Amino acid sequence: MAQIATFAGIIAVLGLVPAIAPFGNAVPITAQSLGIMLCGAVLGARRGALAVLVLLALVALGLPLLAGGRGGLGVFAGPSVGYLVGWPVAAYAIGMMTQAMGTPYRVAPGVGINVLGGVLLLNLLGVVGMVLRADLSVGAAFVAAAPFVPGDLAKAVICAVVAKGVHAAYPGLIRARRVAREDALV
């Protein structure tokens, strides 16, 4: 419970970093997606997704925990809804892949996992939200999501480096995967 609450707090704190809306984009670029990646990479699938759901529940209750001090049910009706709904999905996906990678945590595969879950999957869900809520075509929504990608790639690397350090200090956070009999013989 403490880890889940702590990581919900980390996501909220990352919302204090000023958001930017390049080219008048309806969805701001925030540091909070780094927190989403960290939830999955450090806590694993279940606890990572739960941390994100705790944060989203607090936002739904009206606490201004999203970048720019946004909160309340209205944020779930805006063009960023795909990203918000995608947050727990991305944290879960990153956590599942991190758990499958096993221990010790390795940076290079961690970056790849973060790119798959925290960049590709999250932006895909964000595009769906923009298509549904911002009345954009699929192509226009992908163009609107493009400015997010370079920063998200940098966040994927930062997340992997931080996760490596956290897992080195606290090796029991992600259970070691069972070594298959074939792996043991090699």
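How many helices and strands make up the secondary structure of the protein? The count is 8 helices and 0 strands. The views below come from a predicted model.

**Figure 1. Overall fold of the protein, an all-α run of elements.** From the N terminus on, the order reads α-α-α-α-α-α-α-α. The protein has 186 residues, and 45% of them count as buried. Contacts with a separation of 6 or more were also sorted by distance along the chain. Of these, 69% join residues 24 or more positions apart.

**Figure 2. Segments annotated as transmembrane region in UniProt.** The unreviewed UniProt entry places this annotation on residues 50-67, 73-95 and 107-133. Residues 50-67 are 61% helix and 0% strand in the model. The end C-alpha atoms of that segment lie 20 Å apart. For residues 73-95 the figures are 65% helix and 0% strand. Here the end C-alpha atoms are 27 Å apart. Helix H5 spans 107-133, the range that the entry also annotates.

**Figure 3. The largest nonpolar core, with 47 residues.** Val 52, Leu 55 and Trp 87 have the most contacts inside this core. At least two core residues come from each of H1 (2-14), H2 (32-43), H3 (45-60), H4 (81-101), H5 (107-133), H6 (138-145) and H7 (148-169). H2 gives the largest share, 8 residues.

**Figure 4. Surroundings of Trp 87.** Neighbours within four places in sequence are left aside. Trp 87 then contacts Ile 11, Gln 32, Ile 36, Val 52, Leu 55, Leu 56, Leu 66 and Leu 122. Two of these partners, Val 52 and Leu 55, are listed with Trp 87 among the residues with the most contacts inside the core.

**Figure 5. Thr 98 in helix H4.** Thr 98 has a relative accessible area of 2% and is therefore buried, the limit being under 20%. Its contacts include Gly 40 and Ala 41. Thr 98 also touches Tyr 105, Ile 113 and Ile 174. Residues up to four places away in sequence are not counted.

**Figure 6. The aromatic pair of Tyr 83 and Phe 148.** The count for the model comes to 1 aromatic pair. The two rings are stacked, 5.3 Å centre to centre, with 25 degrees between the planes. Tyr 83 sits in helix H4 and Phe 148 in helix H7. The pair links distant parts of the chain, 65 residues apart. Both residues are buried.

**Figure 7. The largest pocket, holding about 250 Å³ of space.** Leu 43, Gly 44, Ala 45, Arg 46 and Arg 47 are among the lining residues. Gln 99 lines the pocket too, as do Gly 172, Leu 173, Ile 174 and Arg 175. H3 supplies the largest share of the lining, 3 residues. Ile 174 is also one of the residues touched by Thr 98.

**Figure 8. Backbone details in two loops, at Pro 104 and Asp 135.** The peptide bond from Thr 103 to Pro 104 is cis, with omega near -5 degrees. Pro 104 lies in the loop between H4 and H5. Asp 135 belongs to the loop between H5 and H6. Its phi is near 55 degrees, a positive value in a residue other than glycine. Is Asp 135 buried or exposed? Asp 135 counts as exposed because its relative accessibility is 70%, and the limit is over 50%.

Methods. Residues numbered from 1 in each chain as written. Predicted model: local features only at pLDDT ≥ 70, side-chain atom pairs only at ≥ 80, totals over all residues. Heavy atoms only, no water. UniProt positions renumbered as here; feature names shortened; annotations may be inferred. Helix = DSSP H or I, 4+ residues; strand = E, 2+ residues; numbered from the N terminus. Core = buried A, V, L, I, M, F, W, Y, C linked by side-chain atoms within 4.5 Å. Buried < 20%, exposed > 50% of the residue type's maximum accessible area, 1.4 Å probe, protein only. Contact = heavy atoms within 4.5 Å. Phe/Tyr/Trp six-rings, centres within 6.5 Å; stacked < 30°, edge-to-face > 60°. 1 Å grid on protein atoms, 1.4 Å probe; cavity = no way out; pocket = protein on both sides within 12 Å on 5 of 7 lines; lining within 4 Å. Points joined across faces, edges and corners; volume = space filled by probe spheres on them.
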